[in-house]
Structure formats: C-alpha cells, structure tokens
Amino acid sequence: MQINFNFKNFEPSDHLKKYATARFEKLIKYAGTDNADLQINLSVEKFRQKADVVLTWDDNNLSAFEESEDMYSTIDLVLDKMDAQVRKIREKAKDKRRQRGTVRMDVLSFAEAEGGGERVPTITEADAYEPKPMSVEEAAMQLESLGYEFLVFQNAQTERINVIYLRKNGDFGLIDPGM
C-alpha cells in the first residue's frame with residue numbers, strides 16, 4: 001500500500017498526517033488488498049478545508065471530495081464517502097459470486113430420427129439447484145447415501161464448483177475445473 005499526500009496553501013502537522021494515514025489504512029484493509037495506491041490532496045482556501053482522495057487497486061478506481069471548516073472533520077467526511085463506495089464494490093462482488101452458484105441438470109435420451117438410423121438427443125428431464133458448500137468427504141458420503149452417479153457441489157476449501165462421481169470400480173472421482 002502506498003499513500004501519497006499533497007498539501008496546498010498550508011503547512012501540515014505530523015499529527016494530521018498520522019491521523020489521515022491511520023484512518024485510511026483501515027479503509028484499505030477493508031478493501032481487501034495490499035497493492036492499493038491512495039492519493040490524498042488536502043488544501044485550504046480562506047475558511048474552507050478541502051480533501052480530495054483517489055483510491056486505486058486492481059481494476060477499481062474510486063474518488064471522493066469533501067470540504068468543511070475543520071480539516072479533521074473533512075478527512076472523516078471524505079473517508080465516509082470512500083467507505084460507502086468500497087462497501088458497494090464488495091457487495092457487488094459477493095452478489096456476483098452468489099449468482100454463479102446455480103446448476104442446471106438435464107437428462108438426455110437418444111431417439112432414432114424419423115428418416116433413418118441417426119440418433120437424436122432429446123431432453124426428458126431438467127432440474128436446477130444451488131450447490132451447497134461441503135468438503136470432498138461430505139460430498140462422497142452424500143453421493144453414496146443418495147445413490148446417484150455424480151454430485152455437483154461447492155468445495156468448502158476452494159469455494160469452487162466441483163463434481164464428484166462414482167467410478168466403475170467403486171471408487172470416487174473428483175472433477176475440479178480450477179477456475
């Protein structure tokens with residue numbers, strides 16, 4: 001994490017720098033990254049204390065501006081705005097991860113075409129469900145108890161969708177796409 005300060009029309013105190021650094025470090029930890037760049041521009045014009053902040057990490061670029069009569073309260077106000085933006089981005093990411101979790105299962109049967117010996121697949125049954133997070137051992141026990149040939153589940157350790165299946169020799173196979 002890199003924090004850069006720019007000051008305009010006033011000489012900053014060490015306490016102000018420490019205060020701003022401590023407040024914004026918490027924000028960067030909440031963003032969930034260590035490779036963030038934070039640019040803090042503080043300025044004074046007559047009785048107005050202004051703060052302009054730009055936070056950049058990965059593919060995200062956030063900015064906020066605030067002004068008041070006290071520099072410490074200006075820093076707090078701009079931090080509140082940045083905090084709301086970071087929360088919104090994190091919630092969107094969580095929602096995106098939740099949405100991809102549904103699985104659709106189709107049962108196909110092959111019927112002969114009307115004109116000849118060509119076989120055409122047709123869907124006879126369809127099912128959609130949300131895979132539950134579980135360990136590989138739990139998925140194997142569930143597969144045995146349900147009597148299915150395969151089971152789609154969310155691996156609790158990797159948080160990815162996996163498939164466990166029953167092999168012909170009675171052992172289990174695991175498919176982890178590694179995405």
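Here is a short walk through the two nonpolar cores and helix 3 of this predicted model.

Start by selecting F24, L38 and L55. In the largest nonpolar core, which has 23 residues, these three touch the most other members. Now color the elements that give two or more residues to this core: helix 1 (14–31), strand 2 (37–45), strand 3 (48–57), strand 4 (60–68) and helix 2 (71–99). Keep an eye on helix 2, since the most comes from there, with six residues.

Next, zoom in on L55 and show what surrounds it. Leaving out residues up to four places away in sequence, L55 touches L27, I28, A36, D37, L38, N60, N61, L62, M82 and V86.

Then hop over to the second core, which is separate and has seven residues; among them are A139, A140, L151 and I164.

Two of those names lead straight to the next stop. Select helix 3 (residues 136–146) and pick out its buried residues, A139, A140 and L143. Turn the view so you look down the axis of helix 3: the buried residues fall within an arc of 100°, so they line one face of the helix.

What sits over that buried side? Show strand 7 (133–134), strand 8 (150–155), strand 9 (161–166) and strand 10 (172–175), which are among the things covering the buried residues of helix 3. Now spin around to the face turned away from the buried side, where you'll find the exposed residues E137, M141, E144 and S145.

For a last stop, click on G147, just after helix 3: this glycine takes a positive phi of about 80°.

Key. Residues numbered from 1 in each chain as written. Predicted model: local features only at pLDDT ≥ 70, side-chain atom pairs only at ≥ 80, totals over all residues. Heavy atoms only, no water. Core = buried A, V, L, I, M, F, W, Y, C linked by side-chain atoms within 4.5 Å. Buried < 20%, exposed > 50% of the residue type's maximum accessible area, 1.4 Å probe, protein only. Helix = DSSP H or I, 4+ residues; strand = E, 2+ residues; numbered from the N terminus. Contact = heavy atoms within 4.5 Å. Arc of directions from axis to C-beta.
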